[in-house]
Amino acid sequence: MTRLLVLGGTTEASRLAKTLADQGFDAVFSYAGRTDAPVAQPLPTRIGGFGGVAGLVDYLTREGVTHVIDATHPFAAQMSANAVAACAQTGVALCAFERAPWAAQPGDRWTHVPDLAGAVAALPQTPARVFLAIGKQHLDAFSAAPQHHYLLRLVDPPEAPLPLPDATAVIARGPFDAQGDTDLLRSETITHVVAKNAGGAGAEAKLVAARSLGLPVILIDRPAVPARAIRATLEGVMGWLADHGATPRGV
């Protein structure tokens with residue numbers, strides 16, 4: 001019997017969930033629980049962490065999971081590393097559904113940095129107006145550069161005061177379009193963009209907007225994750241499942 005666990009949180013994960021549901025797979029969709037109202041899925045859904053590698057091992061064993069698809073955000077490195085370790089311990093097949101990183105185009109003014117500290121260091125010393133497009137988890141890193149005004153785009157309204165002395169939050173859920181992001185950057189007189197190299201089409205609009213406005217972008221490189229099978233397309237993931245013996249109910 002095939003039983004799938006999809007570690008979700010991305011647009012690609014939602015596309016995969018629909019395909020699995022349409023084809024009749026026995027699958028569970030898992031959210032980390034970092035947003036108040038996650039997108040509804042056509043699969044049974046669980047929300048919350050597993051409790052590290054040991055907790056994930058227990059879940060995979062208890063639920064009889066045979067295949068795991070890691071379709072988390074490319075920067076969810078801890079969850080991805082836990083999945084590699086837990087699947088190795090249990091013998092469960094694992095594949096990452098990972099979109100390709102963004103690549104610079106003519107006209108881009110990108111500075112690549114390895115981490116958040118590098119992004120802070122790459123900002124100018126003089127006050128700037130920064131579109132800080134990194135989510136809500138690590139905003140406090142930029143408190144080391146309090147001279148800047150920060151424009152944030154968050155999925156949920158902040159529940160506590162922002163850890164930055166001069167910041168404005170826009171509440172919105174992607175995907176976003178280039179014209180809208182161009183208008184946003186222009187109206188807020190943004191001078192710099194800071195973003196994670198997440199890849200994909202849903203969040204690329206800010207880079208297209210920065211290119212059209214000639215703005216510098218500080219791009220944080222993806223964190224390292226232990227080796228695992230990776231597919232960049234939905235078709236590739238479904239092919240990997242077929243190659244590893246996954247079948248829908250009744251087949």
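## A walk through the fold, starting at Leu16

Leaving out residues up to four places away in sequence, Leu16 touches Val6, Ile69, Phe97, Leu234, Val237 and Met238, where contact means heavy atoms within 4.5 Å. This is a predicted model, in which local features need pLDDT of at least 70, side-chain atom pairs count only at pLDDT 80 or more, and totals for chains, interfaces and linings use all residues. Residues are numbered from 1 along each chain as its sequence is written, and side-chain values use heavy atoms, with hydrogens and water left out.

Leu16 sits in helix α1, residues 11–23. Helices (H or I, at least four residues) and strands (E, at least two) are DSSP runs, numbered from the N terminus. Leu16 counts as buried because its relative accessibility is 0%; buried means under 20% relative accessible area, exposed over 50%, and partly exposed in between, with a 1.4 Å probe and protein chains only. From Leu16 to Met79 the distance is 19 Å, C-alpha to C-alpha, with their positions 63 residues apart in sequence.

### The chain as a whole

Now for the overall picture. The chain has seven helices and 12 strands. Its radius of gyration is 19 Å, which agrees with the value near 18 Å for a compact globule of 251 residues. That radius is taken over C-alpha atoms, and the globule rule is 2.2 Å times the number of residues to the power 0.38. Along its principal axes, the C-alpha trace spans about 60 × 35 × 30 Å.

Of the 251 residues, 46% are buried. Among contacts between residues at least 6 apart in sequence, 67% join residues at least 24 apart. The accessible surface comes to about 11,600 Å², and 55% of it belongs to carbon and sulfur atoms; these areas come from the Shrake-Rupley method with a 1.4 Å probe, and for residues only the protein chains shown count as cover.

What about the charges? The chain has 20 positive and 22 negative charges, and their mean positions are 1 Å apart. Lys and Arg count as positive and Asp and Glu as negative, while His and the chain ends are not counted. Each charge is placed at NZ of Lys, CZ of Arg, CG of Asp or CD of Glu.

### Two helices and what covers them

Helix α2 covers residues 52–62, and its buried residues are Gly55, Leu56, Val57, Tyr59 and Leu60. What covers them includes the strands β1 (4–7), β2 (27–31), β3 (45–47) and β4 (67–70), along with helix α3 (77–90). After α2 comes Gly64, with a positive phi near 65 degrees.

Val65 lies in the loop between α2 and β4. With a relative accessible area of 8%, Val65 is buried. Setting aside neighbours within four places in sequence, Val65 is in contact with Arg3, Leu4, Leu5, Tyr59, Leu60 and Val92. Val65 and Leu234 are 169 residues apart along the chain, and their C-alpha atoms are separated by 20 Å.

Helix α6 takes in residues 205–213, of which Ala205, Lys206, Leu207, Ala209 and Ala210 are buried. These buried residues pack against β6 (109–113), β7 (129–133), β8 (149–154), α5 (178–187), β10 (192–196) and β11 (216–220). Just after α6, Gly214 has a positive phi of about 70 degrees.

### Residues with partial exposure

Thr189 is found in the loop between α5 and β10. Thr189 is not a glycine, yet its phi is positive, about 45 degrees. Most residues other than glycine have a negative phi. Thr189 counts as partly exposed, at 47% relative accessibility.

Ala167 lies in strand β9, residues 167–171, and is partly exposed with a relative accessible area of 26%. Not counting residues up to four places away in sequence, Ala167 touches His149, Tyr150, Leu152 and Leu162. Ala167 and Leu116 are 51 residues apart along the chain, with 18 Å between their C-alpha atoms.

### Cysteines

How many disulfides are there? The count comes to zero, with a disulfide taken as a pair of cysteine sulfur atoms within 2.5 Å. The table shows two cysteines.

| Cysteine | Closest cysteine sulfur | Relative accessibility |
|---|---|---|
| Cys87 | Cys95, 11 Å | 4%, buried |
| Cys95 | Cys87, 11 Å | 0%, buried |

The sulfur of Cys87 cannot be counted as bonded to that of Cys95, because 11 Å is too far for a bond.
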